[in-house]
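Visitor: Could you take me through this model step by step, with each term explained as it comes up?

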Amino acid sequence: MSGPSRKTRVIKRININTDKCNGCLACEVICSAFHAAPRYSSTNPSRSRIRVIRDPVADIYIPVYAGEYTVAECAGRDKYVIDGKEYSECAFCRASCPSRDLFKEPDSGLPLKCDMCESDPTLKEPMCVQWCLADALTFEEREEEVDEAVAIDEMDAGLEALADKFGWSKLLDAASRMAKKE
Ligand code: SF4
Ligand code: SF4
C-alpha cells in the first residue's frame, strides 16, 4: 500500500544575530525603498517590514520582522527585561494588529508583512540581508519534504487569511490577473 504522496517545499529563513546588530537601520531604509511604488522611488522606515528596537545607551539593538496580520489584539501580554531594562509589552511582537501602529502602511493603514523580497527575477538574498554589512542578518534556504495533504491544508489556510483581509472577489481578480501573466 502506498503512503501519502510527498511534496518538496522551500523554507526561507533569515537568522538574526542581535549581538552583531549595531542599529544602523540600513535594513529599514532598503526594505522601504525596495517596496516603494515605483521601486526605489522613496525611503520611509515607517513603511519597512523590518524595524529595529534600539536602545543605544545600553547598546541593545533587536531587529523584528513584520509577521502575520491579526484582526484582534491578543488577550495576553509578554514582559521583556533585557540587561535590567524593561521593554513595552508589545515591543518584540511581529504581528500587525489593531492595538498599535507598527507594521502598518502609514497612509492606508494596511498591514505590512515581510515577503522575503519576493520578486521577479528572484533575488539571491533578501535586500535587508544584502544591506546588513554587520552580518547581523543571514539568509538560509533549504528544501523540506511534507505530505501533499499538509501542503494543501497550508495553502487553504493562506487563501482563507487573504480572503478575510481582501475579500474573495479581489482575491479571485488578482489570481486571474496573475494566471494570465504565466
Ligand atoms: S542593517 Fe543589520 S546592523 Fe544595521 S540595523 Fe539592520 S540588522 Fe542591525
Ligand atoms: S526580507 Fe525583504 S521584505 Fe522582509 S524585511 Fe527584509 S527587505 Fe523587507
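Visitor: Is strand β6 (residues 137-147) largely in the open or largely buried?

Guide: This is a predicted model, in which local features need pLDDT of at least 70, side-chain atom pairs count only at pLDDT 80 or more, and totals for chains, interfaces and linings use all residues. Residues are numbered from 1 along each chain as its sequence is written, and chains are lettered from A and ligands numbered from 1 in the order in which they are written. Helices (H or I, at least four residues) and strands (E, at least two) are DSSP runs, numbered from the N terminus, while a residue is buried if 20 or more other C-beta atoms, placed from the backbone, lie within 10 Å of its own, exposed if 12 or fewer, and partly exposed in between. Of the eleven residues of β6, the number buried is one, so the strand lies largely in the open.

Visitor: In which direction do β1 (6-16) and β6 run relative to one another?

Guide: Two strands pair if DSSP finds at least two bridges between them, and eleven bridges join β1 to β6. Among the partners, Arg-9 is bridged to Glu-144 in β6, and Ile-14 stands opposite Phe-139. The two strands run antiparallel.

Visitor: How many residues of β1 are buried?

Guide: Like any strand, β1 is judged by counting C-beta atoms around each residue. Of its eleven residues none passes the cut-off, so β1 lies largely in the open, and the number buried is zero.

Visitor: Which element gives the largest share of the largest nonpolar core?

Guide: A nonpolar core is a set of buried Ala, Val, Leu, Ile, Met, Phe, Trp, Tyr and Cys residues joined through C-beta atoms within 7 Å. The largest one has 21 residues, and those with the most contacts inside it are Cys-27, Cys-31, Ile-50 and Cys-128. Two or more residues each come from α1, β2 (50-55), β3 and α2 (127-131). The largest share, four residues, comes from α1.

Visitor: Which residues are closest to ligand 1?

Guide: A residue counts as near a molecule if its C-beta atom, placed from the backbone, lies within 6 Å of it, and 15 residues surround ligand 1 in this way. The elements that give two or more residues to this shell are α1 (26-34) and β3 (60-65). The closest residues are Cys-21, Cys-24, Cys-27, Cys-132 and Ala-134.

Visitor: How far apart do the centres of domain 1 and domain 2 lie?

Guide: Domain bounds come from an automatic or database domain assignment, which divides the chain into domain 1 (9-145) and domain 2 (147-182). Taken between C-alpha centres, the separation is 24 Å.
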